[in-house]
Structures are given as C-alpha cells and as structure tokens.
Amino acid sequence: MAKTYNNQKIFLIFLQIAIVSCAISVSLSQLFLGLSFVLFLFDKERRSRFQITPLIIIFLSFFGIYLLSFIWNYSKVGNESNFFLALRNSEFKDILLGFGFILTSTLEKSERKKINLAIYILLGILIITGFLSIFSIYRFSYLINSLFRDVKSWQYQHHYGKIANIDIYLPIGFMNTHLTFGGLLLFFTPYMFFTLIDKWTESIGIKRKLGFSFISVLFFTVVILNNARSSMVGSFFGITFGFIVIIFINKKYNIKNVIKIIVVPLLILLLFLGIFSFSPIFRKTILPLLGSEKHTDSGRTFIWDSTFSMIEKNPILGIGPGNYPKEIDESRKDRSEKNSELLFFYEVTQRGHAHNDYFHIVAISGFLNLFLFLGIFYSIGERIISRAVEGKDNHLYYGLIGFFFAGLFQCYFQDDEVVIIFYYLLGMLFTPSGDKKV
C-alpha cells in the first residue's frame, strides 16, 4: 500500500514538472511526460481509472489512420529510409504527446489541486518570461542552451522598435518563434479574461482585485506585442463561446452587467491606443489586427494553393505523415511552372507545413481524418456545455475551442510545444472529478 502511495506521489511530481516545463522546453516536458506514463503503466489503481470513451476511440482512430496512411505511402513509394526512423520523424510521433491526455484524464479530485497548481505556475512563467523578453535582445532559449553546448540557432530576438528610447523586442519567452509562444498564450487568454471579470464582480478586497488586474495587464501586454494574429483569432472565438455558455447556460453573467464591466476597459484601451498611435511599434502591432496586410499573408495563399493540388491527387489517404516537406516542394514547382508569372512567390513561400491544420491533416492523411479531427472539436464543445449545465467552471477550457479556430491560419496541431498543452488540458476537461462549481 505504501509503495502504491509513493508511486502516485512521484507520478504527480513528474506530471507537475512535465506541465510546468512546457513554458521552458518541450524536450524536458516530453521527458517527464514519458516518465509519468511509465509510472502510470505500473500503477494498477490508476490504470483502472482509465476508461474507453468515444473521445478515446476518435483519438486512436485518428492516429490509426495516420499509421495506415504512412504504411500505404511508404510501400507505394518504396522509401529507402528506415521504416521506424521515418515513422518517428513523421506527424505520427505526436501520439506520444497524446499520453498527456490519458494521464490527466485519470486524476482524482485531490490530485487536481496539485495539477491545477502546475497549470498556474506554467501561466506565471509564460507571463514573466514573456514580459521580460520584450526588453531582451537575446533569446532566452539561446542564453540557457549556450551554457551547456555550442548553440548554432539564432541568438537575437526580432527588434520591434523603441518606446521612450527603450528597445522593444517581440516577446517569445523561452520559445523559438512568436507564433509558438502565441499558441501557448492562446490557451490562457480566455481564462485570464473571464477570471478578471470574476474578480471585479466578486465580493473580494480591492487589493486582490487590483493585484489580479496588474497581472492581467502584464499578460495582455505580452499577448498584444506578441502579435500572433492566428492566436488572437482563436482567443476571440474562445472568449465568444465562453460568453455564450456563461450567459445562456451557466447564467452567471447578466448581459447588462457584462456590458458595464467591459465598457470601462474598452474605453481605457481606446484611450491607450489613441495616445500611442504615433508610435511605429503600436502601428506595426495594431494595424495588422485591423486588416492591414503583413508580408507573410500572401505566402499562405500560395502554400494553400500548392496544398490543394496535393489533396486533389490524394483525397483518401493523403500523401502520408512525414512526406509533406518533400511533396510540397514538388507541388510548388509544378504550380509555379503553370503560373510562371508567380514563380517568385511560390519560391519564397515558407513551406514546412500547410499553415492551416485542416488542410495539413487532409493533405497527409485524407478527408476521413479531417472528420475525426472535427469530432475532437465537437467532443470538447459538448463536454464544456454539459459541464456548464452542471454549473461547473470552464474558464480554463475555452482556449481549447479557440485552438481549432487558430488552426485556420496556423498549424498549431503540428507544433509540439503548443499541442502538448492542448492534450494536458483536454484530459483535465474530461476528468470525471471535474472542477469547482460556478
């Protein structure tokens, strides 16, 4: 009995480290996720909590089709590379990240408090490192890694401009790109938004209200300066869905009161934008959000066009996981030959992925997997609504809804640093013990 208790205690510590380290290193998070999963396999009591649900069936079917598509395309092309090495380097490997979903879905109510603490620490690290990285010329990941080895990756951050003669850089925390960091922020933006409203509607001390407001200002400053528009689009839809659920199902907010609460922050925001509208930094940040085109926008249309050509030729099982980089090069060249006047744009477009989760999934594994992916989306929405009917708090999970909208413009489902948090939160959402009631 004592041995089982110790195993569970170590399991929780490892899982906490796995979650917290998502803000620092995905490799570290994966290491402790793997260690947690090993302990899970040797814990009979915890294994008994794991249940085969419709979502588990969808999840396994999704990666099953990934595997089937990989085998089919591997045998068809006669790939010279090692089968297992090629499989490990493909999108199929993300099934390992899905273990996070399995582990957090087996948590008991007492364990949830410790895992929730890990989530809050993760959020705190994102806020602190994100805000500090605004003022750092060096990438934090470079500074840390250079202590242990010779780092050949970029050492400098993207310079954004100056405010009051202070150099401002694109906030990315410990991540390598602002898009990935934006993906991490996406999961917590609805949570911070609705929690801030709660703080100002609850009967708590003014110090606590102002304290959380200060933290929120830091968080949303990082979100705005990060300027990952796909993440912001996802956050908008996550917040919109949250309002619908809270107003019409939880019936926690009165529409008139919500409008009164939101009006003041909006007026402050408009005043803030008006004061700083002369700043090149804020014009660079705000104008793209209002529809001004960035230099990367047109590139998406060219990569999508090349991806559509691949989908048209392989609609059933796709081109196979791991084959996108090679196949998109061929498709891109073919499209540029047919549209020679656009050769330059096809040539310079970033092409590591489809810049759209839905297009990418169809391209590599066919239309059936797209329906399974949407099945995960449907399951999340249904679960949130059913929890709302029970009067449970869903603030932490509206970002999961936003994740699927952000995927319209970015491949966040293919981004290990982002999708690993998706799986942790997904399992927590489907934990039978649930969260506190509203």
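1. Let's start with burial. The chain has 438 residues, and 52% of them count as buried. Keep in mind as you look around that this is a predicted model.

2. Next, the overall make-up. You can pick out 21 helices and 2 strands in the chain. How do the contacts spread along the sequence? Take the contacts between residues at least 6 apart in sequence: 78% of these join residues at least 24 apart.

3. Now some cysteines. How many disulfides does the structure hold? The count is 0. Two cysteines to look up are C22 and C411. C22 has 2% relative accessibility, so it counts as buried. C411 comes out at 4%, and is therefore buried as well, the cut-off being under 20%.

4. L15 is a good residue to click on. You'll find L15 in helix α1, which covers residues 2-20. Is L15 buried or exposed? Its relative accessibility is 0%, so L15 counts as buried. Leaving out neighbours within four places in sequence, L15 touches S36, L103, T104, L107, I115 and Y424. Look at L103 in particular: L15 and L103 are 88 residues apart along the chain, yet their C-alpha atoms are separated by 8.3 Å.

5. Then hop over to E108. This residue sits in the loop between α6 (99-104) and α7 (109-133). With 35% relative accessibility, E108 counts as partly exposed, because that value falls between the 20% and 50% cut-offs. Which distance goes with the pair E108 and R46? The two are 62 residues apart along the chain, and 9.4 Å separates their C-alpha atoms.

6. On to helix pairs. A handy habit: two packed helices are described by the angle between their axes and the distance between the axes. Try it on helix α12 (residues 229-250) and helix α19 (residues 367-389), which pack at an angle of about 35° with axes 9 Å apart. The crossing of α12 past α19 is right-handed. On the α12 side the contact is made by F241, V245, I249 and N250, and on the α19 side by G381, I384, I385, A388 and V389. Sorted by class, that contact has 7 nonpolar residues, 2 polar ones and no charged ones.

7. Here's another pair to turn over on screen: helix α9 (residues 178-186) and helix α21 (residues 416-429). Their axes come within 8 Å and cross at roughly 10°. Why is α9 described as roughly parallel to α21? Because angles under 35 degrees get that label, and this crossing is at roughly 10°. The residues that meet are T180, G183 and L184 from α9, and E417, V418 and I421 from α21. This contact divides into 3 nonpolar, 2 polar and 1 charged residue.

8. Finally, two backbone spots to check. Phi of K251 is positive, near 55°, and K251 is a residue other than glycine. K251 lies in the loop between α12 and α13 (255-275). H355 is not a glycine either, but has a positive phi of about 55°. Its place is the loop between α17 (343-348) and α18 (357-365). How do the two compare in burial? K251 has 63% relative accessibility, so K251 counts as exposed, whereas H355 has 10% and counts as buried.

Terms used
Residues are numbered from 1 along each chain as its sequence is written. This is a predicted model: local features need pLDDT of at least 70, side-chain atom pairs count only at pLDDT 80 or more; totals for chains, interfaces and linings use all residues. Side-chain values use heavy atoms; hydrogens and water are left out. A disulfide is a pair of cysteine sulfur atoms within 2.5 Å. Buried means under 20% relative accessible area, exposed over 50%, partly exposed in between (1.4 Å probe, protein chains only). Axes are lines fitted to C-alpha atoms, for helices over the stretch in contact, and angles run from 0 to 180 degrees between N-to-C directions. Helices (H or I, at least four residues) and strands (E, at least two) are DSSP runs, numbered from the N terminus. Angles under 35 degrees count as roughly parallel, over 145 as roughly antiparallel, 65 to 115 as roughly perpendicular and the rest as oblique. Contact means heavy atoms within 4.5 Å. Ala, Val, Leu, Ile, Met, Phe, Trp, Tyr, Cys and Pro count as nonpolar, Asp, Glu, Lys and Arg as charged, and the others, Gly among them, as polar. A crossing is left-handed if the near helix is turned anticlockwise from the far one by less than a right angle, and right-handed if clockwise.
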